[in-house]
Amino acid sequence: MAASLLGAAGHLAAQNPAAAEDIRGPKPLVEIPVPEKPHFEFWLGVGGGVLLVLVAWFIWRSYRGKQRRKSPPEIALASLAELEANRESLEAEAFANRAAQTVRQYIADRFGIAAPRRTTEEFLRDLAKDESQSLAGESDHLRVFLKSCDLAKFAGSNLDTQQRGELVQAARSFVTSTAVSNSTSTALTP
């Protein structure tokens, strides 16, 4: 058995040639490239930029939120003041339309009633049906005011300076009285 092992070992030695007899030498080491790590400064800049944008957005949002929004009475009174300042330069139809639209928009904003989207008749009919609405006591004064505006808008009625002043004053009285409380009735007649 020892002879067969020696024979096998000699046979194996014949398969491994000596280094001088080998036709190829060892291959050089292959270096596997390692990607560069992003620089610390780059990520610091990106993070700082994002943080800066977030802080700017937060400041802008908080500033915008702090701006006081005007209340419906303030908006209506400012619009009426502008209308009164321009009352001579506007035609009767445009003047009456702006006066009625100001009161209608005030009613929509203050009381949640869709007055600007309804005709005068629809608005007054709905107001008369629902006695629980806070404007029920004002319906007669609103009727006279809106009918006066409608006459100037649709019937071509001309408004002199005094009538224009009375319309603006009636609208202003309505806005100021309903802004404070709804318990007192106001004169909205021109």
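A residue counts as buried when its relative accessible area is under 20%, as exposed when that area is over 50%, and as partly exposed in between. The exercises below apply this and a few other ideas to a predicted model.

**Exercise 1. Describe the overall make-up of the protein chain: how many helices and strands does it have, and what share of its residues is buried?**

Step 1. Begin with the secondary structure, which comes to 7 helices and 0 strands, so that the pattern read along the sequence is written α-α-α-α-α-α-α.

Step 2. Turn next to burial and surface: of the 190 residues of the protein chain, 25% count as buried, while the accessible surface comes to about 13,500 Å², of which 60% belongs to carbon and sulfur atoms.

Step 3. Finish with the contacts, where, among those between residues at least 6 apart in sequence, 62% join residues at least 24 apart.

**Exercise 2. Find out where in the protein chain the confidence is lowest and where it is highest.**

Step 1. Take the average, which is a pLDDT of 77 for the protein chain, with 77% of the residues scoring at least 70.

Step 2. Compare the elements: the lowest confidence is in helix H1 (residues 2–15), at a mean of 55, and the highest is in helix H3 (residues 72–85), at 88.

Step 3. Look also at residues 182–187, where the pLDDT is below 50, although in the model this stretch has 15 contacts beyond near neighbours in sequence.

**Exercise 3. Decide whether Phe111 is buried or exposed, and describe the ring that pairs with the ring of Phe111.**

Step 1. Compare the accessibility with the cut-off: Phe111 has a relative accessibility of 17% and therefore counts as buried, since the limit is under 20%.

Step 2. Recall that a pair of aromatic rings is described by the distance of the centres and the angle of the planes.

Step 3. A search of the whole structure finds 3 aromatic pairs. In one of them the rings of Tyr106 and Phe111 have centres 6.1 Å apart and planes at 85°, so this pair is edge-to-face, because an angle over 60 degrees is counted in that way.

Step 4. Add the surroundings: Tyr106 is buried, with a relative accessible area of 2%, and Tyr106, Phe111 and Phe174 form one aromatic cluster.

Step 5. For another ring, consider Phe95, over which the charged end of Arg164 sits, 5.2 Å from the centre of the ring.

**Exercise 4. Explain why the buried residues of helix H5 are said to line one face of the helix.**

Step 1. List the buried residues of helix H5 (residues 120–129), which are Thr120, Phe123, Leu124 and Leu127.

Step 2. Look down the axis of H5, where these buried residues fall within an arc of 90°, so they line one face of the helix.

Step 3. Connect this with a general property: an α-helix has 3.6 residues a turn, so residues three or four places apart point the same way.

Step 4. Ask what covers the buried residues of H5, and the answer includes helix H4 (92–111) and H6.

**Exercise 5. Trace which residues Leu146, Lys153 and Leu135 touch away from their neighbours in sequence.**

Step 1. Leu146 has its place in helix H6 (residues 139–154) and, at 2% relative accessibility, counts as buried. Leaving aside neighbours within four places in sequence, Leu146 is in contact with Ala100, Arg104, Thr120 and Phe123. As for Arg104, it is 42 residues from Leu146 in sequence but 9.2 Å away in space, C-alpha to C-alpha.

Step 2. Lys153 also lies in helix H6 and is buried, with a relative accessible area of 15%. Not counting residues up to four places away in sequence, Lys153 touches Glu93, Ala96, Asn97 and Ala100.

Step 3. Leu135 is placed in the loop between H5 and H6 and counts as buried at 1% relative accessibility. Beyond neighbours within four places in sequence, the contacts of Leu135 are Ile107, Phe111, Ile113, Leu127, Phe174 and Thr178. Leu135 and Ile107 are 28 residues apart in sequence and 8.8 Å apart in space, C-alpha to C-alpha.

Step 4. For contrast in burial, take Ala94 in helix H4, which is partly exposed, with a relative accessible area of 33%.

Note on methods: Residues numbered from 1 in each chain as written. Predicted model: local features only at pLDDT ≥ 70, side-chain atom pairs only at ≥ 80, totals over all residues. Heavy atoms only, no water. Helix = DSSP H or I, 4+ residues; strand = E, 2+ residues; numbered from the N terminus. Buried < 20%, exposed > 50% of the residue type's maximum accessible area, 1.4 Å probe, protein only. Contact = heavy atoms within 4.5 Å. Phe/Tyr/Trp six-rings, centres within 6.5 Å; stacked < 30°, edge-to-face > 60°. Lys NZ or Arg CZ within 6 Å of the ring centre and 35° of its normal. Areas by Shrake-Rupley, 256 points an atom, 1.4 Å probe, with all protein chains shown as cover. Arc of directions from axis to C-beta. pLDDT = per-residue confidence, 0-100.
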